[in-house]
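Please look through the sequence and the structure shown here before reading the report that follows.

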Amino acid sequence: MIPRHTPPGSPIYDQLVREHGDVLNEARKLAERTHQEAERVLAWDVSSFGIDHSEWS
C-alpha cells in the first residue's frame, strides 16, 4: 500500500476531506487495485489455456 504523506491532524487536509471526501485515499486504493489487476493479467501462462502448441512447430 502507498503510504499517506499528509500528517494526521492537518486542518486544511481535514477540511478538504470533509468537503470532497478522501480523494487521495480513494486514488491510492484504485491504484493498488489497478496494479494488482495488471500483475494478474501480465502473469498469464499459455499452458493454462489448454492449447496444444505441438502443432505450431
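## Surface, helices and salt bridges

In this predicted model, the protein chain has an accessible surface of about 5100 Å², and 61% of that surface belongs to carbon and sulfur atoms. Of the 57 residues in the protein chain, buried residues make up 4%. The chain has two helices and zero strands, and helix 2 covers residues 23-42.

Side chains of opposite charge can pair when their charged atoms come close. The structure holds two salt bridges, and they are set out in the table with their N to O distances.

| Acidic residue | Basic residue | N to O distance |
|---|---|---|
| Glu26 | Lys29 | 3.9 Å |
| Glu37 | Arg40 | 2.6 Å |

Where do Glu26 and Lys29 lie? Both residues belong to helix 2, where they are three residues apart, which is about one turn of the helix. Glu26 has a relative accessibility of 46% and therefore counts as partly exposed, and Lys29, with a relative accessible area of 33%, is partly exposed as well.

The salt bridge between Glu37 and Arg40, whose closest N and O atoms are 2.6 Å apart, also joins residues of helix 2, and here too the spacing is three residues, or about one turn of the helix. Glu37 is partly exposed, because its relative accessibility is 39%, whereas Arg40 reaches 55% and so counts as exposed, given that exposed means over 50% relative accessible area.

Notes
Residues numbered from 1 in each chain as written. Predicted model: local features only at pLDDT ≥ 70, side-chain atom pairs only at ≥ 80, totals over all residues. Heavy atoms only, no water. Salt bridge = Lys/Arg side-chain N within 4 Å of Asp/Glu carboxyl O. Helix = DSSP H or I, 4+ residues; strand = E, 2+ residues; numbered from the N terminus. Buried < 20%, exposed > 50% of the residue type's maximum accessible area, 1.4 Å probe, protein only. Areas by Shrake-Rupley, 256 points an atom, 1.4 Å probe, with all protein chains shown as cover.
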